[in-house]
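The following note is offered to a colleague beginning to read protein structures. Please keep the sequence and the model in view while going through the points.

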Amino acid sequence: RDSANVDFVAFTDHSNYFDKSGAANPEGALYDMSQATEYSQETWKSYKDAVAAFNTENAGSMVAIAGFEMTWSGGPGHINTFNTPGIVSRNNTTLNNKTKDAGLQAYYKLLSQTEGVDSISQFNHPDTVHGDFERFDHYSPQYDAVVSLLEVAGEDGVVDCEYYDLALDKGWHVAPTNNQNNHNGQWGDASEARTVVLAKSLTEEALYAAMKDRRVYATQDSDLAIFYELNGAVMGSILPKSEEAEITVFLSDPTDEAIGSVEVVTDGGAVLVSEYVETPSQVLELSASCGHSYYYLRITQPDGDVAVTAPVWMDGYDDIGIGSFISDTLTPARDEEIELMVELYNDESVEFDLDALSLYADETLVSTVSDLGEVAGMSTLDYTFSYAHPELGVTEFR
């Protein structure tokens with residue numbers, strides 16, 4: 001608070017500090033602290049209460065976020081997790097399974113069992129020392145929905161996009177962060193590196209919402225402002241495939257003479273477009289080639305500072321559709337009413353509005369239903385048509 005150099009700060013102690021070896025929390029304690037050990041209940045409550053009291057006292061001027069860092073003993077990496085009712089740690093033998101990366105996958109699965117909790121997780125400092133999450137293998141839409149951030153810099157704040165590009169190429173929808181991983185009590189003062197969150201207000205809830213939606217960029221320059229849109233969608237958005245990629249970006253740095261190089265980066269770390277901005281503020285309009293999975297911006301300033309934005313993805317919404325379409329009657333008779341059951345699936349992390357669902361017999365429209373509402377992310381929706389066919393012979397329904 002006294003440094004006055006940040007608007008928010010996240011505390012993410014190793015979760016085993018809140019737990020005890022030999023008396024570890026079960027997996028269910030992540031969502032229900034009544035399942036936790038007495039020791040964990042006391043330490044976790046003390047921690048959360050202290051953060052809540054700070055946020056009440058400093059409302060409108062600064063926000064503290066209470067998370068934890070899940071680590072593994074010689075394992076695949078470190079993960080920060082926020083916005084959960086409870087806590088688990090590597091003291092849990094299921095989550096710290098030494099068989100290859102079984103513990104990591106167990107943690108992914110646990111995070112995916114949201115049970116009404118909108119948790120947020122971050123891949124921390126991927127490298128050969130801490131771990132690289134098995135090169136970001138084990139992607140799934142369910143896991144992707146609960147991991148939305150990835151650190152692109154270590155304690156020195158120097159941005160390196162190698163692992164960021166790798167994770168994006170493996171299909172993860174993650175935004176870059178530049179956190180200090182600061183163990184020395186110099187929070188906000190250790191360097192100029194910052195994680196910037198495009199939140200609607202300076203509140204814990206608004207920060208969580210923006211982090212979940214990947215409205216985030218990482219910068220080595222503490223006052224570099226970036227607002228990036230592609231086809232009218234702000235950074236972090238996931239769009240259907242498009243035949244155009246029109247980019248608008250607002251850039252401002254009041255303490256530098258020039259913004260510097262602005263690059264549009266896509267699959268495999270390839271640079272699609274590059275332009276040099278010689279002024280301290282600029283609105284750029286750029287056109288990039290279509291057909292790529294993601295587009296993010298990398299800004300390299302004259303003094304060497306680097307900033308990286310979340311992408312806008314154009315990877316399709318491929319994971320939505322009709323999961324099954326079946327009849328309740330194997331051999332229907334003429335004029336006999338049967339039920340035709342449709343299951344729609346949405347394996348994307350975002351919800352969709354279902355405008356209409358139509359049933360055809362051969363090429364004839366039989367029925368259309370509308371206003372079926374939303375198909376929530378990572379869920380299904382069922383609908384049943386009733387139909388009696390007046391003709392003999394074979395009829396194809398779709």
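**Note on the structure**

1. Helix α6 covers residues 204-212, and its buried residues are Ala206, Leu207, Tyr208, Ala210, Met211 and Lys212. Lys212 deserves a second look in the viewer, as this lysine is listed among the buried residues of the helix. Please bear in mind throughout that the model is predicted.

2. What is the phi of Arg214, just after α6? The angle is positive, at about 65°. Arg214 belongs to the loop between α6 and β8, the latter formed by residues 216-219. With a relative accessibility of 8%, Arg214 counts as buried, because the cut-off for that class is under 20%.

3. A positive phi merits a remark because most residues other than glycine have a negative phi. Arg135 also has a positive phi, here about 55°, although this residue is not a glycine. Arg135 is part of helix α3. Is Arg135 buried or partly exposed? Its relative accessible area is 40%, and Arg135 is therefore partly exposed.

4. The loop between α3 (133-136) and α4 (141-144) contains Ser140. This serine has a relative accessible area of 13% and is buried. How far apart in space are Ser140 and Asp347, C-alpha to C-alpha? The distance is 9.1 Å, while 207 residues separate the pair in sequence.

5. The contacts of the chain may be considered next. Counting contacts between residues at least 6 apart in sequence, 65% join residues at least 24 apart. The protein chain has 398 residues, of which 46% are buried.

6. The strands can be followed through one residue, Thr248. Strand β11 (residues 245-252) pairs with strand β9 (residues 225-230) in the antiparallel sense, over six bridges. Within this pairing, Thr248 of β11 stands opposite Glu229. Strand β11 also runs antiparallel to strand β14 (residues 281-288), and eight bridges join these two strands. Which residue of β14 is the bridge partner of Thr248? That partner is Glu285. Thr248 thus has Glu229 as its opposite residue and Glu285 as its bridge partner in β14.

7. How many disulfides does a search of the whole structure find? The search finds zero. A disulfide is a covalent bond between the sulfur atoms of two cysteines. The surroundings of two cysteines may still be recorded: Cys161 is buried at 9% relative accessibility, whereas Cys290 is partly exposed with a relative accessible area of 36%.

8. Some figures describe the protein chain as a whole. The chain has six helices and 22 strands. Its C-alpha trace spans about 80 × 60 × 40 Å along the principal axes. The accessible surface of the chain comes to about 18,600 Å², and carbon and sulfur atoms account for 48% of this surface.

9. The charges complete the note. The protein chain carries 19 positive and 68 negative charges. The mean position of the positive charges and that of the negative charges are 7 Å apart.

Technical notes
Residues numbered from 1 in each chain as written. Predicted model: local features only at pLDDT ≥ 70, side-chain atom pairs only at ≥ 80, totals over all residues. Heavy atoms only, no water. Disulfide = S-S within 2.5 Å. Buried < 20%, exposed > 50% of the residue type's maximum accessible area, 1.4 Å probe, protein only. Helix = DSSP H or I, 4+ residues; strand = E, 2+ residues; numbered from the N terminus. Contact = heavy atoms within 4.5 Å. Areas by Shrake-Rupley, 256 points an atom, 1.4 Å probe, with all protein chains shown as cover. Lys, Arg positive; Asp, Glu negative; His and termini not counted. Charge placed at Lys NZ, Arg CZ, Asp CG, Glu CD. Pairing = 2+ DSSP bridges.
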